Amino acid sequence: MSFEKLHLAGPDLSSYELGESIVAHDRGRLLGSVDPVEVSADRSEVRISRFLPSPSVRTEQRNFGPLLLVEVTMFLAERFPGIQSVHFTLTREIEMYGDGMMVAAARIELLKSIGATDVHARPKPDSSKPGNFVLQGVWLYTEDNLGALRAALATQRALYREHLRRVRADKRPVQRLRRLKQWWSNDGHR
């Protein structure tokens, strides 16, 4: 089975109600959740803040952050046509992914690629780890931005599929070696 898209749902893993956390799965595997989406009183604006990876994903080299960001934005835009703007306040601790400035710059470019405006990063003053930033921007629901979001989503899905192919290819020699060792210890040396 090949990757098509992330499965996004509410905390009960079925339907999603605006204002709840968004739970993300990749083919049945829990990746984590997005903090509860803040909703304006008239339900025309939402704010996305932080993704909390599941414990089993924290140690892996899965690069699904960019994909998750555009998937969640598309999910909200498609399911709730009354939403006119999506505000981003991204605050995840990113030291484990290398240079914070490079990560912040990549996130800025990603937000700009989907049509977000007023995109900027500032150091996170209360961070326990140096090099962390709060990234902010606003995506407005327009036809042009929706087109940019679709294009970015197609790109991010293709990059994620390629990442998964590389991971599977890297694991194949190890799996073959394990099978060979198992064969050798069970039948091969009699």
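## A tour starting at R27

Select R27 to begin: this residue is partly exposed, with a relative accessible area of 35% (partly exposed lies between buried, under 20% relative accessible area, and exposed, over 50%, using a 1.4 Å probe and protein chains only). You are looking at a predicted model, where local features need pLDDT of at least 70, side-chain atom pairs count only at pLDDT 80 or more, and totals for chains, interfaces and linings use all residues. Residues are numbered from 1 along each chain as its sequence is written, and side-chain values use heavy atoms, with hydrogens and water left out.

Stay on R27 and show its backbone. R27 is not a glycine, yet its phi is positive, at about 50°. Now colour the neighbours: R27 sits in the loop between β2 (22-26) and β3 (29-34). Strands here are DSSP runs of E with at least two residues, helices are runs of H or I with at least four, and both are numbered from the N terminus.

Next, select D118. This residue belongs to strand β8 (residues 117-123). D118 also has a positive phi of about 50° without being a glycine. With 56% relative accessibility, D118 counts as exposed.

Finally, zoom out and switch to cartoon view. You can trace four helices and nine strands, in the sequence order β-β-β-β-β-β-α-α-β-α-β-β-α. Of the 190 residues, 42% are buried. Turn on the surface: the protein exposes about 11,000 Å², with carbon and sulfur atoms supplying 54% of it (areas by the Shrake-Rupley method with a 1.4 Å probe; for residues, only the protein chains shown count as cover).
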